[in-house]
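Before reading on, take a moment to look over the chain as a whole. The paragraphs below move through a few places in it, one after another.

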Amino acid sequence: MSESGSPQRRIGVYICHCGGNISDYVDVDRVRAAISADPDVVVGKTTLFACSDGTQHEMIDDIHGEDLDGLVVASCSPKLHTTTFRGVSTRADLNPYAYTQVNIREQDSWAHTDDHEGATQKAIALVQAGIAKTRLSLPLEPLRVETVPATMVVGAGITGLRTAIGLADIGIAVTVLERESEVGGWVGRLGPMFPHNASGRAQIDELMAEIAKRPTITVLTNAELVGKTGSFGNYTAKVRLRTETTEELRQLQVGTFVIATGADVYSPEAGELGYGIDGVLTIKEFGDLVDAAKGSGSLTWQGRKVRSVAYVYCVGNRQPGGNEYCSKFCCAATVHASIKVSDLDPSIRQFHLHRDVRAYGRYELMYTESRERGSVYMRYPDDAPPSVEQMPDKRLAVTVTDALTSQDEITLPVDLVVLVTGMVPRDNEDLTTLLKLPTGDDGFYNEIHPKLRPVETVVDGVLIAGACQGPKPATEAVSGGLAAVTQSAGILKKGFAELDPLVATVTESLCTGCGDCLTTCPYDSIASYVCDTGQKATIDPASCKGCGGCVPVCPEDAIDLLGYTSAQMLAAIDGLSVKEPVA
C-alpha cells in the first residue's frame, strides 16, 4: 500500500525539455529529483522531446520492462499530444486512461519566464498533482457505438457540393440541405473567378452534373435542419421542406453532419467611405457590372463611360473594435477584377488604395500582371483612411495620403469608387443553437484545433468546412470540405466508432431523483427514469461530453466524472501542496 492508503502503483514520469521551451525556465532535473521521492514513481526521467519517436519507444520499453501501470508526461498542452501518448500507452498494453498529461509549458514556463525559481516550484507542484491523480486512475474502456453510413451536408455552395461528391465516392450516402431555392451560394452568382477565369456559375453547374451521376446523393432546396436527436454516429435529423403553399417535415437517419453554410459579405453603412453616393459600389456590385460588360469593349455606369476607378481595400475588415481579421480573398479578387477591367478597356485608369496587398502564393503573379497593365497601387496609413466626396460634375473625389512617397494628401478624380468588402459570419443562430456549435470572438465556427483537428468541433460527429469557420478563398474552402470527407469516412466506414469513456455517471443508490441535474446539461444527455426505489437520473454516455457541469449541481454527490473523479481531483489538489523534499 502507498502512503495514501491506496494500492501501490508503478508510475512512470517523463519531464520534457521541449527543446528549451520548458528547460530554459524550469530546472527539470530538480523536478525529476523531487518527484522521484514518491514511492509510486518507479521511473522518473527528463527528455529533450517527449513527443519524439525515440522517446516514445523508450516509454514503451519502460512500461514493459518496469511493469508500469500509470504514465505521467509533463510537457505541453494536452490539446497537442493527448492522442500521441494515449497511443504510446496502447502500444505498450497500458490502459490509455492511466496516462495523465501535465502542462508545464503554457501553464508554467511560458507564463513565468521572469521567475525561474517560481516556475520550478510550480512545475514540481503540477507534476505531483498529476501523479496523485494517476494514482487513483481506473482502467477505462472506450465506448463503442454503432454508426449509420450516411451524412447530412448543410449548405449547397461550392464546399457543400464538392463534399457531397467526395462522400458518395467512398460509399457514404449523402443528403444536402440548402435553405435557398437554388444551389450554388455566393460562387454560383459569380462570373469568371481567379485564378483560372472559370465562371462561378459554370463550376456549380459542373458539380451538379457530377452529383446527378451519383444516386446516393440527394439535394434538397428550400430545406432547413430544425431538429436533431439520437447520439453520435446515429442521429435522427428533422428537416423542414418548404414550397410556396406547403410545409413538410421529414426525418432522416445520419451518422455525421458537415456544416458548410458559408459566410456573408460585409455591407457598408450609409456614408461609410461614401457608400450611398452615386458611383460608390461594393466589390461584388462592381464585379457584376464588369461581367455584364464583357465583350462590349467599354465599361459604363448610369449611361456614362467609365474612365477611372479607385479601389479602397479593407472596408469592414482589419478594423479595431470591429471585424479585426483579414478576409484573405478580397485582395486577390480585386486584383483579378482590375485585370478583367484592363481586358475590357485598357485605357481605364485604376488606383488601388490599400493598407497592404495580401496576394500570397500564385496570386503574386496576378498582382504583378495587374501592375504591369498599369494599375497604380498606393498604400494609405492605418489611421488615415481615404475620404470620398461627390463633385459638382457628378464625378467622385477620393482624397488619400500616399504613405509610400511624400506622405502628402492626393485627391484623385474618378468615375467609380469600389469598396473592397470582406467576409462576415452568416446569421445561423437557429442552426448554431440546435447543434450547439461553438463560435469564436469573430462569430465564425470554431474547430477543435486549427492544425491537428481542423474540421472537428467539440460536438462528436458534427464537422465544419469552408467559409463558415473563417474567411477563405474557394480553393481553401473546398480543401476543408475534403478534409471533412476523410474525417466522416474514419467515423462511418467501420460501422462503429469508439468514444472517450471520460463521461459523467450516476450512482443510483445515492440519487434521490430531485431533478436538479436535468436542466444543467447543454447537450441534453441527462434524463430521468422510474425504478423500484423511485425516480432516478441517468446519463447517456454517447452524447455526454464530459464537461462536468452536472457534477457540482447534485446535492447528494451522486454524479461523478470518470477520469476526473472527485477523489482524483481532491488528491491532485492535495498534491499541489506537497513541498519539494529538502536535499
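What follows looks at a pair of helices, then at the cysteines, and then at two residues that contact one of those cysteines.

It should be said at the outset that this is a predicted model, and the values given here are computed from it.

A good place to begin is the pair formed by helix α2, which covers residues 53-65, and helix α3, which covers residues 78-91. The axes of these two helices come within 9 Å of each other and cross at roughly 40 degrees, and α2 and α3 are therefore oblique to each other. The crossing of α2 and α3 is, in addition, right-handed. On the side of α2, the residues that take part in the contact are Q56, M59, I60 and H64, and they meet T84, F85, V88 and R91 in α3. Sorted by character, the residues of this contact between α2 and α3 divide into 4 nonpolar, 3 polar and 1 charged.

The cysteines come next. How many disulfides does the structure hold? The structure holds 0 disulfides, and the distances around C76 help to show why this cysteine is unpaired, because its sulfur lies 5.8 Å from the closest cysteine sulfur, that of C18, which is too far for a bond. A disulfide is a covalent bond between the sulfur atoms of two cysteines, and in this model a pair counts as one when the two sulfur atoms are within 2.5 Å. C76 is also buried, with a relative accessible area of 6%. C330, too, is in no disulfide, and the nearest cysteine sulfur, which belongs to C326, is 6.2 Å away. C330 is likewise buried, its relative accessible area being 11%.

C18 leads on to L48, a residue placed in the loop between β2 (41-47) and α2. Although L48 and C18 are 30 residues apart along the chain, their C-alpha atoms are separated by 5.8 Å. Once its neighbours within four places in sequence are left aside, L48 is in contact with C16, H17, C18 and G19.

The last stop is R105, which lies in helix α4, made up of residues 105-109. Is R105 buried or exposed? R105 is buried, because its relative accessible area is 11% and a residue counts as buried when that value is under 20%. Not counting residues up to four places away in sequence, R105 touches C18, N21, I22, S75, C76, L80, W110 and A111. Both C18 and C76, the cysteines discussed above, are thus among the residues that R105 touches.

Technical notes
Residues numbered from 1 in each chain as written. Predicted model: local features only at pLDDT ≥ 70, side-chain atom pairs only at ≥ 80, totals over all residues. Heavy atoms only, no water. Axes fitted to C-alpha atoms, helices over the stretch in contact; angles between N-to-C directions. Helix = DSSP H or I, 4+ residues; strand = E, 2+ residues; numbered from the N terminus. Parallel < 35°, antiparallel > 145°, perpendicular 65-115°, else oblique. Left-handed = near helix turned anticlockwise from the far one by under 90°. Contact = heavy atoms within 4.5 Å. Nonpolar A, V, L, I, M, F, W, Y, C, P; charged D, E, K, R; others polar. Buried < 20%, exposed > 50% of the residue type's maximum accessible area, 1.4 Å probe, protein only.
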